[in-house]
Amino acid sequence: MDLVSKILKNPKMWDIAQKIFGCDEKKQQMYRAVMDKPGKILDFGCSDGNAFLGFKDMEYYGLDIDKTLIEFAKQKYADFPNAKFIADDIFNKPFEENFFDHVLFACTGHHLPEDLINKVMKELCYVLKPGGALYIFDTIRRPGKDPWYIRSLIALDQGKHMKTESWYKENMSKFDERFTVEETDVFKVGGNFAPQPTWFYAKLVKK
Ligand SMILES: C[S@@+](CC[C@H](N)C(=O)[O-])C[C@H]1O[C@@H](n2cnc3c(N)ncnc32)[C@H](O)[C@@H]1O
């Protein structure tokens, strides 16, 4: 494990890093803005619950394999009865089939190699209700377009599998045959302390 990863294993350090580089409040707003109906939401790879405050009006389930981050989230959001934080691996099937109206897959794609992201997507499709939507938000590389300081940030990022817009567009429809790609977008998030790589967004609806 490299030094950056070791430091960010501490939930307090992760929280501080998110405030500087991760733009938590903007993430909360942009993740919430794409969900137009109430219901149960799974925040897959919820980390220390940094997106939760965007979902105070929903039945929120945060799942992360990292027990330390989940314990931190449970304590931090103990006053919110709608917030459930679960430490488990999605491959252990911690939820029933067709359980969620919404699944958020945010900022996690660039941490997963291609074979693993395909398997995770099948599990996320399994827990999503027919008619429900999976929302992908991820930072991406833009070969030939990213300036040097963005390339340096990408090199420092804990996620070593940063994908491109074309990778998502070529592979999303193969994640599961029950998914239909309804929306995609590529955008910049500005106004942070640190510059950000470009973001990719997609909405996949389960038939
Ligand atoms: C970079 S964090 C995502 C941060 C957050 N979602 C956001 O938008 O800022 C990725 C998280 O995915 C979690 N994760 C990776 N594989 C997982 C799995 N199989 N089951 C549950 N969580 C997993 C990791 O522990 C990590 O905390």
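**Strand S4 and its surroundings in the predicted model**

Strand S4, which spans residues 100-106, is mostly covered, with six of its seven residues buried. The model described here is a predicted one, and its protein chain has seven helices and eight strands. Of the 207 residues in the protein chain, buried residues make up 33%. Among the contacts in the protein chain with a separation of 6 or more, 65% are accounted for by residues 24 or more positions apart.

S4 pairs with strands at other points of the chain. Strand S1 (residues 40-44) is joined to S4 by four bridges, and the two run parallel; Leu42 has Val103 as its bridge partner in S4. Strand S5 (residues 128-141) also pairs with S4 in the parallel sense, here over six bridges, and the bridge partner of Leu104 in S5 is Tyr135. Between S4 and S5 the chain passes through helix H5 (residues 114-127), and the resulting β-α-β crossover is right-handed.

Two residues in loops stand out by their backbone angles. Most residues other than glycine have a negative phi. Ser47, however, has a phi near 60 degrees, a positive value in a residue other than glycine, and is found in the loop between S1 and strand S2 (59-64). Asn98, likewise not a glycine, has a positive phi of about 60 degrees and lies in the loop between strand S3 (83-87) and S4. As to their surroundings, Ser47 has 24 other C-beta atoms within 10 Å and is therefore buried, the cut-off for a buried residue being 20 or more, whereas Asn98, with 14 other C-beta atoms within 10 Å, is partly exposed.

Ser47 is also one of the closest residues to the ligand, together with Gly45, Ile65, Ala106 and Cys107, in a shell of 19 residues that surround the ligand. By residue type, this shell divides into nine nonpolar, six polar and four charged residues.

Helix H4 (residues 67-76) has a buried side and a face turned away from that side. The buried residues of H4 are Leu69, Ile70, Phe72 and Ala73, and they lie on the same side of the helix because they cover an arc of only 160 degrees around the axis. An α-helix has 3.6 residues a turn, so residues three or four places apart point the same way. On the face of H4 turned away from the buried side, the exposed residues Lys67 and Gln75 are carried.

Definitions and conventions
Residues are numbered from 1 along each chain as its sequence is written. This is a predicted model: local features need pLDDT of at least 70, side-chain atom pairs count only at pLDDT 80 or more; totals for chains, interfaces and linings use all residues. A residue is buried if 20 or more other C-beta atoms lie within 10 Å of its own, exposed if 12 or fewer, and partly exposed in between; C-beta atoms are placed from the backbone. The arc is that of the directions from the helix axis to the C-beta atoms. A residue is near a molecule or strand if its C-beta atom, placed from the backbone, lies within 6 Å of it. Ala, Val, Leu, Ile, Met, Phe, Trp, Tyr, Cys and Pro count as nonpolar, Asp, Glu, Lys and Arg as charged, and the others, Gly among them, as polar. Two residues are in contact if their C-beta atoms, placed from the backbone, lie within 7 Å. Two strands pair if DSSP finds at least two bridges between them. A crossover is right-handed if, with the strands pointing away from the viewer, the path from the first strand over the helix to the second runs clockwise.
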